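Let's walk through this model together, one strand pairing and one metal site after another. Have the sequence and the 3D view open side by side as you read.

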Amino acid sequence: MLFQEVFYANNPLLGGLKGVQARIARFTEQVKDFYFRLQLGKHECPKCGGSLAMVGPSQCASSCGNVFDPTLAFQQSTCCRARLVRKTFHYVCSNCNQIVQSRFLFDERIFDAAYFREMVRESRARAKRKREEVRRLLAGSRSDALLLMEEPCLESIPGLADALNSFIGTEMAGGCGYVPKSGFRMGDYRNHILSLLGEGSRLFSDIAPLMADCRRDKIWRFITLIFMAQDREVELIQYGRDILVGRISSEAYL
Ligand SMILES: [Zn+2]
Ligand SMILES: [Zn+2]
């Protein structure tokens, strides 16, 4: 956002665009408001019979204090005329599991099945190409078989142990091993993420924090995910301004 502001300030031709953008945003809000009034005008609160207003994404409320998801309450699937079930990013028919577009979402996060499938397919194809490329490079540069006649000894290369220690930022005090200075426990984050994901996927922003310090928590969550992606436990896909974290089964990567 800051970059955009500097960019606009230095470009007189683009300076006027900011005003136009603000007007478009206001207009969009008005259209959205009108659209929801129309949609909710056809329905009434199941508890008190009063009128309804949208109060958040997929959430409407009545003056009696009843807050609920209008898609689940008022919409049926077009395929089977069955009730809908809410998944992480979309609604499905409770009978045949087909994805159903909600009438009560405007420009909020709408799950686009075809787009999502394409994203996952592309991401996997890219990862596969990369792995094949690395495999090809490694095969070309492979040295002869290394026969270890004795146990490797770090001290045989002068200064190697010290260099390695300074690289990972630790002192081998009396050989007691690596003690992390921060409280970051990647294992805890990994277990937390895996238990939330199950076999499905979730947005990065939807992964509940493990600690009160939000900023630090975000960084640690992110680092853990990078390592998990390297280990091919999850895949990370850009999803708008968020990251979609998906559990991957090992056969998906063969
Ligand atoms: Zn009510
Ligand atoms: Zn159906």
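Find Leu 84 and you will see that it stands opposite Cys 93 in β5. This is a predicted model, and the pairing you are looking at belongs to β4 and β5, which run antiparallel and are joined by three bridges. Step back a little and a third strand comes into view: β4, β5 and β6 form an open sheet in that order, with antiparallel pairing. The edge strands here are β4 and β6 (99-100), each of which pairs on one side only. As a general reminder while you look at such a sheet, strands pair through backbone hydrogen bonds, either parallel or antiparallel.

Stay with Cys 93 for a moment, for a metal site comes next. Which residues coordinate the zinc ion (ligand 2)? The donors are the SG atoms of Cys 79, Cys 80, Cys 93 and Cys 96, at 2.3 Å. The angles among these four donor atoms run from 103 to 119 degrees, and the site of the zinc ion (ligand 2) is tetrahedral. Along the chain, the donors of this zinc ion (ligand 2) follow the spacing C-C-x12-C-x2-C. Two of them link distant parts of the chain: Cys 79 lies in the loop between α4 (70-74) and β4 (84-86), while Cys 93 sits in strand β5 (residues 91-93), 14 residues apart.

Is Cys 93 buried or exposed? Cys 93 has a relative accessible area of 0%, so it counts as buried. Cys 79 has a relative accessibility of 35%, and therefore counts as partly exposed. The cut-off behind this is that buried means under 20% relative accessible area.

Now move back along the sequence to the other metal site. The zinc ion (ligand 1) is held at 2.2 to 2.3 Å by Cys 45 (SG), Cys 48 (SG), Ser 62 (OG) and Cys 64 (SG). With angles of 94 to 122 degrees among its four donor atoms, this site of the zinc ion (ligand 1) is also tetrahedral. The spacing of the donors of the zinc ion (ligand 1) reads C-x2-C-x13-S-x1-C along the chain. How do two of these cysteines fare in terms of solvent? Cys 45 is buried, because its relative accessible area is 2%, whereas Cys 48, at 42% relative accessibility, counts as partly exposed.

Ser 62 also leads us to a pair of hairpins. Strand β1 (residues 52-56) pairs with strand β2 (residues 59-62) in the antiparallel sense, over four bridges. You can check the register with two pairs: Met 54 has Cys 60 in β2 as its bridge partner, and Ala 53 has Ala 61. In general, side chains in a regular strand alternate between the two faces of the sheet. Two residues lie between the strands of this hairpin, and Ser 58 takes a positive phi near 60 degrees.

On from there, β2 is joined by two bridges to strand β3 (residues 67-68), and the two run antiparallel. Here Ala 61 stands opposite Val 67 in β3. β2 and β3 form a hairpin with four residues between them, and Gly 65 in the turn has a positive phi of about 95 degrees.

Further along the chain, have a look at Glu 233. Glu 233 is placed in the loop between α8 (214-230) and β8 (234-239). At 14% relative accessibility, Glu 233 counts as buried, because this value is under 20%. Leaving aside residues up to four places away in sequence, Glu 233 touches Arg 190, Leu 194, Met 228, Gly 246, Arg 247 and Ile 248.

Finally, zoom out to the whole chain. Its secondary structure comes to eight helices and nine strands. Of the 254 residues, 27% count as buried. The accessible surface of the chain comes to about 18200 Å², and 56% of it belongs to carbon and sulfur atoms. Among contacts between residues at least 6 apart in sequence, 41% join residues at least 24 apart.

How confident is the predictor? The chain averages a pLDDT of 80, and 81% of the residues score at least 70. Over residues 172-180, however, the pLDDT is below 50, and this stretch has five contacts in the model beyond near neighbours in sequence.

Terms used. Residues are numbered from 1 along each chain as its sequence is written. Chains are lettered from A and ligands numbered from 1 in the order in which they are written. Side-chain values use heavy atoms; hydrogens and water are left out. Two strands pair if DSSP finds at least two bridges between them. Buried means under 20% relative accessible area, exposed over 50%, partly exposed in between (1.4 Å probe, protein chains only). Contact means heavy atoms within 4.5 Å. Accessible areas come from the Shrake-Rupley method with a 1.4 Å probe; for residues, only the protein chains shown count as cover. Donors are N, O and S atoms within 2.8 Å of the metal (3.2 Å for Na, K and Ca); water is not among the atoms, so sites may look incomplete. Four donors count as tetrahedral if all angles lie between 85 and 135 degrees; four count as square planar and six as octahedral if opposite donors are over 155 degrees apart and all others between 65 and 115; anything else is irregular. pLDDT is the predictor's confidence in each residue, from 0 to 100.
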